[in-house]
Structures are given as structure tokens and as C-alpha cells.
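I opened my notebook to see what I could look up in this one. Short entries follow, in the order I made them.

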Amino acid sequence: MEKLYKCLKCGKTFPHRCRLTAHEFMHSGEKPHICQVCGKGFWQVGHLTRHQRIHTGEKPYMCLCCGRKFNESSGLKKHVRSHTGERPHKCTECDKSFIRKTALVYHKRIHTGEKPYTCPECDKSFSRNSSLRLHKRTHTKERPYQCLECGKTFKYSSHFICHERTHTGEKPFKCSDCGKSFSQESHLSLHKTIHTRETIA
């Protein structure tokens, strides 16, 4: 019979002692695995490994449909639904459906008006924790995303990703009318107005 290691806090069991030890850090609040770049701590080494991809720019998971790359397998899995059209998470209030479960949770707050995340600096409230994190940078001036090519830093990951394309030459946004590709979705949207004007004319 396989020996199981049991957590005394919550009763959860694990097949290996090292898995139990990693789990126990969650209860203690201890974060022994520290990022050498920014100092952020994690209670699981796997979480640190995923986090470090923010700094290295590594994106090992690629979509076979469009070539877009992701730093986590979960991100790729969710992205693939944009190609398949699958939207498994449905709102019971308005029948709107979503690719991601978290998107449904955030959407429901439109109906409830809930804003559970409050800024300790100015008391402004947000429906999403990610929105609060981004807002806090207006107080701290934090710029956690650094380009390894030129050293430029960014407040937001979306700005960092767009900047990276100036070095890689990646153009993931393709016009369905003429096949021209763009590094930013906003550039594609602007380009599409050319075809709209041609159709009207």
C-alpha cells in the first residue's frame, strides 16, 4: 500500500514528503523560493520557474493555429478556444458566455456591483485584483518588466510584450482581407479602416 503524507492543517494527503513540505509553505505564509531579479517570493519552485519567464521572455508553449507563444500551458489552452469558438463559462443573469472562468467571475460583478479590492493609498475600489495591482503602480512608480535586449522597463506586461516585437520582428496580427501583418492589434484595426473605406466607395 502506498504511503501517504498528510497535512496536519487541512488533512490533504500527498504521495511524497517533498510535495507535503511545499504544500505546508502555503499555510505558514513562508515563501522560500526567491526571484533573484525582482525579489518576489514563492512557496513552490514551479511558481518561481513560471514567474521567471516574465524576466527572461521565455514562451515555450506555441499555438499551432497562429504561432502565438505563451509562457504558461494554461495560457495556451485558453487561447486555443479563440480558434475553436468554445465558450464554456455562461452567465446565469444574461446568458453571456466566456472562454475563461475568471472572466465570468469578473463579469458577474457587473450585475452585483461588487468591488472587493481597495487601494490602501487612496481607497479607490476595483472589481479585479489585477486592476488594483496596476492601479498601485500609479503610487509606487514600479516598472517590473525589463527588456533584456535594451534594458527599457515597463509598468504593464502588455506594453512590454508590444515592445519586445520591435526586437523580434514578430507580427501576430494578420489582416484577413489582404494578408498584411502587424505587431500590434491596434495597428491592424487602424489598417482595416482602409478596406472599410474601399467597400463604401
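**Entry 1: surface and overall shape**

I began with the accessible surface of the protein chain, which comes to about 14300 Å². Carbon and sulfur atoms hold 51% of that surface. I noted right away that I'm working with a predicted model.

Next I looked up how many residues are tucked away: of the 201 in the protein chain, 23% count as buried. For the outline, I drew a box along the principal axes, and the C-alpha atoms fill roughly 75 × 50 × 50 Å.

Then I listed the secondary structure, and the protein chain has seven helices and 14 strands. Is the protein chain a compact globule or more spread out? Its radius of gyration is 21 Å, while the globule rule gives 17 Å for 201 residues, so I wrote down "more spread out".

I also checked contacts between residues at least 6 apart in sequence. Of these, 4% join residues at least 24 apart.

**Entry 2: helix α2**

I picked helix α2, residues 45-56, and counted 12 residues. From first C-alpha to last, α2 reaches 16 Å, close to the 16 Å expected at 1.5 Å a residue.

Which residues of α2 are buried? I found Leu 48, His 51, Arg 53 and His 55. They pack against β3 (33-34), β4 (41-42), β5 (61-62) and β11.

I jotted a reminder here: an α-helix has 3.6 residues a turn, so residues three or four places apart point the same way.

Just past the end of α2 sits Gly 57, with a positive phi of about 80 degrees.

**Entry 3: helix α5**

I moved on to helix α5, residues 129-140, which has 12 residues too. The reach of α5 is 17 Å between its first and last C-alpha, close to the expected 16 Å.

The buried residues of α5 are Leu 132, His 135 and Arg 137. What covers them? The cover includes β9 (117-118), β10 (125-126) and β11 (145-146). So β11 turns up in my notes for α2 and for α5.

**Entry 4: positive phi values**

I wrote myself a rule first: most residues other than glycine have a negative phi. Then I went looking for residues that break it.

Lys 141 follows α5 and lies in the loop between α5 and β11. Phi of Lys 141 is near 65 degrees, a positive value in a residue that isn't glycine. Is Lys 141 buried or exposed? Its relative accessible area is 57%, so I put it down as exposed.

Asp 95 went on the list as well, with phi near 65 degrees. I found Asp 95 in the loop between β7 (89-90) and β8 (97-98). With a relative accessible area of 66%, Asp 95 is exposed.

**Entry 5: aromatic rings**

How many aromatic pairs does the structure hold? I got two.

One is Tyr 145 with Phe 160, a stacked pair with 6.1 Å centre to centre and 20 degrees between the planes. This pair links distant parts of the chain: Tyr 145 is in strand β11 and Phe 160 is in helix α6 (residues 157-168), 15 residues apart. Tyr 145 and Phe 160 are both buried.

Phe 160 also pairs with Phe 154. Their ring centres are 6.2 Å apart and their planes sit at 45 degrees, so I labelled this pair tilted. Phe 154 has a relative accessibility of 9%, so it counts as buried, and Phe 160 is at 5%.

Putting it together, the ring pairs link Tyr 145, Phe 154 and Phe 160 into a cluster.

**Entry 6: cysteines**

I searched the whole structure for disulfides and found zero.

Cys 10 is in no disulfide, and its nearest cysteine sulfur belongs to Cys 7, 3.8 Å away. Cys 10 counts as partly exposed, at 43% relative accessibility.

Why is there no bond between Cys 63 and Cys 66? Cys 66 has the closest cysteine sulfur to that of Cys 63, but the distance is 3.8 Å, which is too far for a bond. I noted the cut-off as well: a disulfide needs the sulfur atoms within 2.5 Å. Cys 63 is buried, with a relative accessible area of 1%.

Notes: Residues are numbered from 1 along each chain as its sequence is written. This is a predicted model: local features need pLDDT of at least 70, side-chain atom pairs count only at pLDDT 80 or more; totals for chains, interfaces and linings use all residues. Side-chain values use heavy atoms; hydrogens and water are left out. Helices (H or I, at least four residues) and strands (E, at least two) are DSSP runs, numbered from the N terminus. The expected span of a helix is 1.5 Å times one less than its number of residues. Buried means under 20% relative accessible area, exposed over 50%, partly exposed in between (1.4 Å probe, protein chains only). Contact means heavy atoms within 4.5 Å. Rings of Phe, Tyr and Trp (its six-membered ring) pair if their centres lie within 6.5 Å; planes under 30 degrees apart count as stacked, over 60 as edge-to-face and the rest as tilted. The radius of gyration is taken over C-alpha atoms; the globule rule is 2.2 Å times the number of residues to the power 0.38. Accessible areas come from the Shrake-Rupley method with a 1.4 Å probe; for residues, only the protein chains shown count as cover.
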